[in-house]
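Please open the model in a viewer and keep the selection panel at hand. The stops below are best taken in order.

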Amino acid sequence: MNVAELSVPGRCLVMGIVNVTADSFSDGGRYLDADRAIAHARQLVAEGADMVDVGGESTRPGAVRIDARTEEHRVLPVIAALHAEGIPTSVDTMRAAVAAAAVAAGVSMINDVSGGLADPSMLQVMADAQVPVCLMHWKTLQFGDATGRADHGGDVVADVHARLDQLAARAIDAGVPEDRIVLDPGLGFAKSREDNWALLNALPSFIDGAFPILVGASRKRFLAGVRRGRVQVTPADADPATAAVTAISAHMGAWGVRVHNVPVSRDAVDVAALWCAGGGTRG
Ligand code: PMM
């Protein structure tokens, strides 16, 4: 399967998030039990998700890494059950062994927030797997900034472009076919608030590139800035702002959005699709 076969014709794909973790920022601990995770995934699909991103390890700042077996125990039953029901999934993992096991369990995409750099075996697994892959930009991890802080030399957009090009080139060198690659600018990953908005402002330049683009803005901290001083009490308070990002991203031609609150983002995607289609009915 290539990216085109996973895509939704005529509109941006909606990827619903199921974090089977104890400590994710937005939904940590809620779906640690496989049955609850599966039920939540079914609900996301009923609400309009096209696929479900299943993660077993939190990437929030300061999260403690779990071992590979624990990660597999968390994600594999969920992926296998959803596959049996015909629900497409992606596996959100930085580990080659987990990705390979997920492929065997029927996953439809490998989503690696390290862009294939965290595990030296990952690109080989990606090359062997017959599914699309998402390579995300995360500079701290990828390029060894020991301070844990981003240093983009003043131009985050140029930097992320260059790094994503490198990630794609490495994957292609390792044998991943070009038509199976999706890129993601990695909003919120070791990036300042200004960095995130600069990347969104430059989204058309990423979309105009050679690869489909996934946007992961959902409930990220930089969205709190649009609340005009109102305190963000729960992560879900950022859902209207997330939906606005979804609408604009979809209108600009993003391949997909990765979101927690599916109904509002699916509405936003449908608005964007109708808006664009409306141009064809004039005069
Ligand atoms: N963000 C998170 C986890 N996985 N994967 C991709 N491709 N893009 C993202 O932006 C991304 C991701 C962190 O968000 P969460 O903890 O709310 O799931």
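Begin with the internal space of this predicted model: the largest cavity has a volume of about 30 Å³. A search of the whole structure finds one cavity of 30 Å³ or more. To display its surroundings, select E57, T59, E71, D92, T93, M94 and V113, which line the largest cavity. By class, this lining comprises two nonpolar, two polar and three charged residues.

**Strand β2**

Next, select residues 51–55, which form strand β2. Are the residues of this strand buried or exposed? Five of the five are buried, so β2 is largely enclosed by the rest of the structure. Showing the side chains helps here: M51, D53 and G55 point one way from β2, while V52 and V54 point the other way, and all are buried.

Keep β2 in view and add strand β1, residues 13–19. The two strands run parallel and are joined by five bridges. Within this pairing, G16 stands opposite V52.

Now add strand β3, residues 89–92, which runs parallel to β2 and is joined to it by four bridges. V52 can again serve as a reference point, since its bridge partner in β3 is T89. Then select helix α3, residues 68–84; together with β2 and β3, helix α3 makes a right-handed β-α-β unit.

**From β3 to β5**

Move on to strand β4, residues 109–112. Both faces of β4 are covered: M109 and N111 lie on one side, I110 and D112 lie on the other, and all four are buried. Three bridges join β4 to β3, and the two strands run parallel. To locate this pairing, select S90 and M109, which are bridge partners. Adding helix α4, residues 96–104, completes a right-handed β-α-β unit with β3 and β4.

Which strand pairs with β4 over three bridges in the parallel sense, besides β3? Strand β5, residues 133–136, does so. The bridge partner of D112 in β5 is L135. Helix α5, residues 122–128, may then be selected, as β4, α5 and β5 make a right-handed β-α-β unit.

**The largest pocket**

Turn now to the open spaces. About 710 Å³ of space lies in the largest pocket. Of the 36 residues that line this pocket, T59, R60, G188, F189 and K220 are the closest to its centre. T59 is a convenient link to the start of the tour, where T59 was selected in the lining of the largest cavity. Colour β1 and α8 (193–201) as well, because each supplies at least two residues of the lining of the largest pocket. Colouring by residue class separates this lining into 10 nonpolar, 16 polar and 10 charged residues.

**The second largest pocket**

The final stop is the second largest pocket, with a volume of about 180 Å³. Which residues lie nearest its centre? Of the 15 lining residues, these are R30, Y31, H40, R219 and H260. Select α2 (34–46) and α11 (262–278), each of which supplies at least two residues of this lining. The largest share, three residues, comes from α2. The lining of the second largest pocket has six nonpolar, five polar and four charged residues.

How values were computed
Residues are numbered from 1 along each chain as its sequence is written. This is a predicted model: local features need pLDDT of at least 70, side-chain atom pairs count only at pLDDT 80 or more; totals for chains, interfaces and linings use all residues. Side-chain values use heavy atoms; hydrogens and water are left out. On a 1 Å grid over the protein atoms alone, a cavity is a set of points where a 1.4 Å probe fits but cannot get out, and a pocket is an open set with protein on both sides within 12 Å along at least five of seven lines; lining residues have an atom within 4 Å of a point. Grid points are joined across faces, edges and corners, and a volume is the space filled by probe spheres set on the points. Ala, Val, Leu, Ile, Met, Phe, Trp, Tyr, Cys and Pro count as nonpolar, Asp, Glu, Lys and Arg as charged, and the others, Gly among them, as polar. Buried means under 20% relative accessible area, exposed over 50%, partly exposed in between (1.4 Å probe, protein chains only). Two strands pair if DSSP finds at least two bridges between them. A crossover is right-handed if, with the strands pointing away from the viewer, the path from the first strand over the helix to the second runs clockwise.
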